[in-house]
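Please read the following account alongside the sequence and the three-dimensional view, moving from one residue outward to the sheets, helices and pocket around it.

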Amino acid sequence: MIHRVEEITRIGVFTSGGDSPGMNAAIRAAVRTAIYNGKKVTGIYHGYQGMIDNTMFDMDSPSVSSIIQQGGTILKTARCMAFRTPEGRAQAYENVKAAGIDALVAIGGDGTFTGAEIFSREYDIPVMCIPGTIDNDLNGTDLTIGYDTANNTVIDAIDKIRDTAASHNRLFFVEVMGRDSGCIALNAGIAGGAEAILLPEKDTAIEELIEMLEQGADSNKSSMIVIVAEGDKNGGATNVAKRVKEKFDYFDTKVSILGHLQRGGAPSSADRVLATRMGYSAVMELLKGNSRATIGVRGSEIVTTPLEEALSKKELKLNEDLVEIAKIMAI
């Protein structure tokens, strides 16, 4: 939907859903781009919940000083069940309208995008979405903010685990985030030299995994690491390790669940630049009259995708070349 640029005088910025490293860089870019173009900015604490609770405040350029290097989000985040109801959205709109906000920049994942699309349609308020999630599981972009940093965090952990595994002839099962997406598991597994990688998108039988581990034992490997995405159909690293240990006791078996460690930490250089480009582009697209779209990157180019189209495409496919490479590198 196209809106006249002069209609936008104040832009609201918020983060919602799970946090990811680089969100602050996107906030910073959106705020300063809006101010540079003569627009006022309102920060909204705790995402959609903040709209309902009316926890909003004016932002200026100093508001976002020295945050580009910080993980998490200075605007805080929350999941909001009330916003899923017409009554909750009506209350949110009354508060947004009273604050003088006439356009929104939403930073988050699939749930954030869904809420923004519904809200924009119901109340005809311009909105641009920025993909912020470590899972890299959103349509309309090759990369999401936080994915690169999370990968680096996991690889660093794998490297450290490998040191102790080799010292004790141990088999480690390392569980990483990825309930529906195996992007972190696949990429970090390859970079960390994992002997096997279990993904939500692939059915790997325990017997097949044991066969791979036996081949490693026959090759006189001093240690082994299996990366398990939390959404793997075998039930996570703890369950996989228990079932493998019953039939394969060549190595001393250990489990390491990285958990929310993967969401924290200073964003990588790549995530800072990506987030800055996306924050800038979100505001510029709003000022051009674009709305109900998500900012993305394809190759090296920033692109936009209509929210309706981005949300309708649920099937995200793994890079099969990487799956094959991971198998070959494990021999």
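Val 174 is a residue of strand β6, in what is a predicted model. Its relative accessibility is 0%, so with the limit for burial set at under 20%, Val 174 counts as buried. Leaving aside residues up to four places away in sequence, Val 174 touches Ile 161, Ile 225, Val 226, Ile 227, Val 228, Ser 256 and Leu 258. One of these contacts, Val 228, lies 54 residues away along the chain, yet the C-alpha atoms of Val 174 and Val 228 are separated by 5.9 Å.

The strand that holds Val 174 belongs to an open sheet of 4 strands, which has the order β7-β8-β6-β9 and parallel pairing. At the edges of this sheet stand β7 and β9 (252-257), each with a single partner strand, so that one side of each is left without a neighbour in the sheet. On average, and with direction ignored, neighbouring strands here are turned by 20° against each other. The partner of β7 is strand β8 (residues 224-229), with which β7 pairs in the parallel sense over 3 bridges, and within this pairing Ile 197 stands opposite Ile 227 in β8.

Several helices are packed against these strands. Helix α5 lies across β6 (170-176), β8 and β9, and runs at about 165° to β6, while α7 lies across β6, β7 and β8, running at about 160° to β8. Helix α6 (residues 183-191) has as its buried residues Cys 183, Ile 184, Ala 185, Leu 186, Ala 188 and Gly 189, and what covers them includes α5, β6, β7, β8 and α11. After α6 comes Gly 193, whose phi is positive, near 70°.

Which elements give two or more residues to the lining of the second largest pocket? This pocket, with a volume of about 520 Å³, receives such contributions from β7 (196-198), α7 (206-218) and α11 (320-329). Its lining comprises 25 residues, and those that lie nearest the centre are Ile 197, Glu 208, Met 212, Val 323 and Lys 327. Ile 197 thus appears both here and in the pairing described above, opposite Ile 227. By character, the lining residues divide into 13 nonpolar, 4 polar and 8 charged.

A further open sheet can now be followed. It has 7 strands in the order β3-β2-β1-β4-β5-β10-β11, with mixed pairing. Here β3 (56-59) and β11 stand at the edges, each with a single partner strand, so that one side of each is left without a neighbour in the sheet. Neighbouring strands of this sheet are turned by 30° against each other on average, direction again being ignored. Helix α1 (residues 23-36) lies across β1 (10-15), β2 (40-44), β3, β4 (103-108) and β5, and its direction is at about 180° to β1.

Within this sheet, how is β10 (residues 293-298) placed with respect to the rest of the structure? Because 5 of its 6 residues are buried, β10 is largely enclosed by the rest of the structure. Strand β5 (residues 127-131) pairs with β10 in the parallel sense over 2 bridges, and the bridge partner of Met 128 in β10 is Ala 293. With strand β11 (residues 301-306), β10 pairs in the antiparallel sense over 6 bridges, and there Ala 293 stands opposite Pro 306. Ala 293 therefore takes part in both pairings, with Met 128 in β5 and with Pro 306 in β11. The hairpin of β10 and β11 has 2 residues between the strands, and in this hairpin Gly 299 takes a positive phi near 65°.

A last residue to examine is Gly 146, which is found in the loop between β5 and α5 (147-168). Gly 146 has a relative accessible area of 0%, and is therefore buried. Not counting residues up to four places away in sequence, Gly 146 touches Ser 20, Pro 21, Ile 134 and Asp 271. From Leu 209, by contrast, Gly 146 is 63 residues apart in sequence and 30 Å apart in space, C-alpha to C-alpha.

Note on methods
Residues numbered from 1 in each chain as written. Predicted model: local features only at pLDDT ≥ 70, side-chain atom pairs only at ≥ 80, totals over all residues. Heavy atoms only, no water. 1 Å grid on protein atoms, 1.4 Å probe; cavity = no way out; pocket = protein on both sides within 12 Å on 5 of 7 lines; lining within 4 Å. Points joined across faces, edges and corners; volume = space filled by probe spheres on them. Nonpolar A, V, L, I, M, F, W, Y, C, P; charged D, E, K, R; others polar. Buried < 20%, exposed > 50% of the residue type's maximum accessible area, 1.4 Å probe, protein only. Axes fitted to C-alpha atoms, helices over the stretch in contact; angles between N-to-C directions. Contact = heavy atoms within 4.5 Å.
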